[in-house]
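Hi,

Here is the structure I said I would pass on. Have a look at it first, and my notes on what turned up follow below.

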Amino acid sequence: MLKIGDITMKNPVVLAPMAGVCNSAFRLTVKEFGAGLVCAEMVSDKGIVFQNEKTMDMLYIDEREKPLSLQIFGGEKETLVQAAKYVDRNSNADIIDINMGCPVPKITKCDAGAKWLLDPNKIYEMVSAVVDAVEKPVTVKMRIGWDEDHIYAVKNAQAVERAGGKAVAVHGRTRVQMYEGTANWDIIREVKQSVNIPVIGNGDVQTPQDAKRMLDETGVDGVMIGRAALGNPWMIYRTVNYLETGELMDEPPVREKIDVCILHLDRLIALKNEDIAVREMRKHAAWYLKGIRGNARVRNAINECNTRDELAALLNNLVVEIESKQEIHSQVG
Ligand SMILES: Cc1cc2nc3c(=O)[nH]c(=O)nc-3n(C[C@H](O)[C@H](O)[C@H](O)COP(=O)(O)O)c2cc1C
């Protein structure tokens, strides 16, 4: 059972925080597909402190998404604490997560993200300052280390625990690896064995069977899914179902994929405006179409779409085309 502070999740399947992806529109959709916990995209502490308009919009959380974990990042204690206090008092988030995994130079050069992985004392200092300032449970998401020669995952997770952190999510890669190579689940197991707070394992869970294997092999309390859920909330649903029943559900039919894609689009339009939403939706639509035959031509056309109706018509036409081919096949067969 995954329990963070006094919040109990209905299952151990967690949607990973993903910048540019995990806004309320996507999170709500994934939540409806059964996720035990959804994580929001990372939010800049300074953006919160200076009340930047776009940053403030990122703090919107629909009641139906809960329980939700909201991640902040920053390099300085003062602004990180101020931002955490703001989220604690003024947002609908249930959990405040601190990013210690972001590998992007724009983030690490400000001494934020994965940079702290080199210094367990700094982790202790930052996490305890945030814990002392807020009521909501504080968690940390980290990579296993900076590079192969500096894998301090165990010490770092212990620092989080000592500082009063209520859980730690571990992505089994180093900062230097970025998204290359494979995630090291052995280190995730070592972390699980060396702390008493819940550990959420992350990295390379591509199928429901992978999720079960991660839980079995590492003993973690929760399993976090990132890229496999892009354009694919069914991954969450199928994983929850597989863990509960041992049965592997089929992939959804094309009609269902496109219907959910258009629902996601409409939610994004409600959240942002049509112009921004349609542009943002292009990458999502390409993800939803992954594995569907004939998608390359449609993917190019998607990038030319500027309105909701254009995009929806394109996607609906694809379904009609595929279904009529299936019809012919079944008649011939
Ligand atoms: C597009 C994208 C955006 C991401 N943004 C964040 C983020 O904002 N915060 C974070 O902690 N990790 C972020 N990550 C890392 C993921 O949360 C996760 O740790 C990583 O993708 C490994 O898990 P996976 O193999 O299931 O994808 C991001 C990953 C991707 C692909």
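Cys22 has 0% relative accessibility, so it counts as buried. Keep in mind while you browse that this is a predicted model. I wondered how many disulfides a search of the whole structure would find. It came back with 0. Cys22 is accordingly unpaired: the nearest cysteine sulfur belongs to Cys39 and sits 7.6 Å away. Since a disulfide needs two cysteine sulfur atoms within 2.5 Å, that pair does not make the cut.

Cys261 is also in no disulfide, and for this residue the nearest cysteine sulfur is that of Cys305, 11 Å away. With a relative accessible area of 1%, Cys261 is buried.

Then there is Cys102, the residue you may want to click on next. The "active site" annotation in UniProt covers Cys102, though the entry is unreviewed. Where is Cys102 found? It lies in the loop between β7 (95–100) and α5 (105–108). And is Cys102 buried or exposed? Its relative accessibility is 8%, and because buried means under 20%, Cys102 counts as buried. If you set aside the neighbours within four places in sequence, Cys102 is in contact with Met42, Ile107, Thr108, Gly113 and Ala114.

On to helix packing, where I have two pairs for you.

The first pair is α1 (residues 24–32) with α11 (residues 254–271): the axes are 8 Å apart and the packing angle is about 140°. Angles over 145 degrees would count as roughly antiparallel, so α1 is oblique to α11. The crossing of these two helices, α1 and α11, is right-handed. On the α1 side the residues involved are Ser24, Ala25, Phe26, Leu28, Thr29 and Glu32, and they meet Val260, Leu263, His264, Arg267, Leu268 and Leu271 of α11.

The other pair is α9 (residues 208–218) and α10 (residues 234–245), whose axes cross at roughly 50° and come within 8 Å. That angle makes α9 oblique to α10. Here α9 passes α10 in a right-handed crossing. From α9, the residues Pro208, Gln209, Ala211, Lys212 and Leu215 meet Met235, Arg238, Thr239, Tyr242 and Leu243 in α10.

Cheers

Conventions:
Residues numbered from 1 in each chain as written. Predicted model: local features only at pLDDT ≥ 70, side-chain atom pairs only at ≥ 80, totals over all residues. Heavy atoms only, no water. UniProt positions renumbered as here; feature names shortened; annotations may be inferred. Helix = DSSP H or I, 4+ residues; strand = E, 2+ residues; numbered from the N terminus. Buried < 20%, exposed > 50% of the residue type's maximum accessible area, 1.4 Å probe, protein only. Contact = heavy atoms within 4.5 Å. Axes fitted to C-alpha atoms, helices over the stretch in contact; angles between N-to-C directions. Parallel < 35°, antiparallel > 145°, perpendicular 65-115°, else oblique. Left-handed = near helix turned anticlockwise from the far one by under 90°.
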